[in-house]
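Please open the structure in your viewer and keep the selection tool at hand. The tour below proceeds stop by stop, stating what to select and what is there.

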Amino acid sequence: MAISLERVSRTYPGADSPALSDVSLAIESGEFVSIVGPSGSGKSTLLNVLGLLDRASSGRLAIRGQAVDAASERSLDTMRLRLIGFVFQSSNVIGDDSVISNAAIGLRVQGVPMDERASAALDALEFVGLEHKRKVQAKLLSGGERQRLAIARAIATHPRIILADEPTGNLDSNNSRRVIEYLRKLNSEGVTVIVITHDVDVANQADRRIEIRDGRITSDVETKSQPMPQPRVPVDLEPFGAASQQSWVSRTVCSLMDDWGDAVSALSARTLRTMLLILAFAIAIGGMTGALGISSTTSNAINNRLAIASQDRLSISIEDGPGVLRDDFDGLRSGVDRIARLPHVVGASYVYSAVPADVHITRVRPSDLEPETPLSLHSSSKNYFNDFGIELIPHNIRSALDDPLAGPLAVVSTKAAIALDIPYSKKSGPAAGVSIWIDDQLVPIVGVFEPGPNFPEYADSVFVNASIMRAVSRSDLKVQVRTEKGFSAAIARVAPLAYSPSDPGKAKVDVTADIQSIRQDVSNDLGSLIALLSLVLMLLAIITAASSMYLTVQNRSAEIALRRAIGSSRWLICRSFILEGFIVGMTAGSLGGIIGTVTTLCVSWIQAWPPVLPPELWLVGVLLGATTGIVSAIYPAWVASRQDPAIAIRA
Ligand code: ADP
């Protein structure tokens, strides 16, 4: 017994009446049965139930003696794959694939090794007279040829039962006859053939005609217009699925290669979409790896600058600056001298900095408004400018700066000179006789200086001699030390003692620690900014890819349904989409790695920074690409695998 149905009903959710009601039927192995009836009578529903594409709402169904009502979906997939071949009205070939790979789809799902697969598919094509077209793309076949290809695909797996739903519905009489001949020939080889048809000629070719109306069988007669094939040839061919005796390893390798091949051919069939998708991904990943590269390069550049600064500069805070200036100025100067005489010290100077709110600096009258950019007031030892390479114009006014007996005098930064409207020349310094007001005191300007990029803190500043600073109530006192490169840390340890041997606690080294923390902060800030930016880019890429994949799933629903009908498990469908995502992601990741590298190189070239390309940049790109490709494919893959083949095949 090929198939038996006992009181089978099928009611679709929401429908008033059942599409099949109480159908009992027995079809013997080797029969050729036609099912006829008006449109909407339930023929396709019956075929779907017989073909295990749909489950009956009630009743019992057995295929070759095996009850299937309670079988799991996976075992239904397997039974379909081993026992049943489908031929649909619209032949559902995969247009972009070659004729031979269409014929081999079922074999591929069965896991038949590649070489056997090719020869079995070719046998099937020979059976329907299409072997000469094996390399042609299926979409180039005529309607009749497609239907013959559908038959070849159905029989390639050596099924015991062929279910054909209006196989001649779209064909002219000539092609219809050929299709029926093939079905007849198959039947003569022992295959059970069940055909749904409107076509009287087709129905007359069958041995038995079952008529169905409103979901019930209304007649079931033997037609036997043709003599029964005598003797019936037993089917000598075993289904491939049962016979394949490959080892576990070679089966896995074979199936992985198949999956890979499927994914690549699905992608290459839609070249433009695939390229755009890869591009969207590559840009996002390029942005991300580029951001990584740029952040490494920038941190490196900042680190270098700060490191250079911290290597030869040292700043020491001295407590109670105003007090020292009033009562112990000589002590300060000798302390600074002692530091300056330490080995590896290039120079040491004190620098007073007034609290900006305490001083009022104007040009014409003490009551005028101060310049827009606040000016800071400092006082330093005479060697300061020299030791730190700050250019003072003219050069010969240095010694007056820390002479406690000298009258008031000031030098201003070039920016401050401009803000205060002081005429100066780069050669001879300020015009003679120019003075400014510092609070109520008229102070002659004797020089200008250019602090340069190393001393941004003095960009808008005025340096005065100690006598003026003495009048300021609050000020900060530091000793600035310049060492030979790389000695700043060592000097930092001994400088406080050199400054004040009796009480080293008066002096506290601060700059090295400061710079370290700035360096850390800058790196951290930059890192988190770039991480955020990259995350946004990545999300965009995932959304683009997922929506594009989702649209593909919609486009390919007929193909997916066909694969499911043939017996592909949900997992296999899911796997092939995820693999597509993986391939797109990998390719885009490699490309993105290159984009990121090139971007980093460009930025560092423009900024004249040494480029830092972490060796793992490319790897990060590929891994990111692969992961995001998989992530973006998960939902579409799930949607694809949930498709109901019975519904999709009707569409
Ligand atoms: P036939 O193949 O004879 O034209 P069908 O088996 O396709 O008939 O349909 C039988 C009845 O069931 C029709 O009334 C049809 O509208 C209904 N039907 C078929 N498929 C579905 C479905 N998936 N959901 C709801 N109703 C359906």
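Helices (H or I, at least four residues) and strands (E, at least two) are DSSP runs, numbered from the N terminus. This is a predicted model, in which local features need pLDDT of at least 70 and side-chain atom pairs count only at pLDDT 80 or more, while totals for chains, interfaces and linings use all residues. Residues are numbered from 1 along each chain as its sequence is written, and side-chain values use heavy atoms, with hydrogens and water left out.

**First stop: a nonpolar patch**

Select Leu-272, which lies in helix H11. Is Leu-272 buried or exposed? Its relative accessible area is 59%, so Leu-272 is exposed (buried means under 20%, exposed over 50%, partly exposed in between, with a 1.4 Å probe and protein chains only). Now add Leu-276, Leu-279, Ile-283, Leu-591, Ile-594, Ile-595, Val-598 and Trp-618: together with Leu-272 they make a nonpolar surface patch of about 850 Å². Patches are made of residues with over 30% relative accessible area and no salt bridge; like charges are joined within 9 Å, and nonpolar side chains (Val, Leu, Ile, Met, Phe, Trp, Tyr) within 5 Å. Accessible areas come from the Shrake-Rupley method with a 1.4 Å probe, and for residues only the protein chains shown count as cover. Helix H11 (271-312) and H20 each supply at least two residues of this patch.

**Second stop: helix H20**

Select residues 570-607, the 38 residues of helix H20. The expected span, 1.5 Å times one less than the number of residues, is 56 Å, and the end C-alpha atoms are 54 Å apart, which agrees. Just after H20, Ala-608 has a positive phi of about 55°.

**Third stop: salt bridges**

Side chains of opposite charge can pair when their charged atoms come close. A salt bridge is a side-chain nitrogen of Lys or Arg within 4 Å of a carboxyl oxygen of Asp or Glu; the structure holds 22 of them.

Select Asp-77 and Arg-80, whose closest N and O atoms are 2.8 Å apart in a salt bridge. The two are three residues apart in helix H2 (residues 73-83), and therefore separated by about one helical turn. Both Asp-77 and Arg-80 are buried.

Next, select Asp-96 and Lys-139, which form a salt bridge at 2.8 Å, N to O. This pair links distant parts of the chain, 43 residues apart. Asp-96 is partly exposed at 31% relative accessibility, and Lys-139 is partly exposed at 41%.
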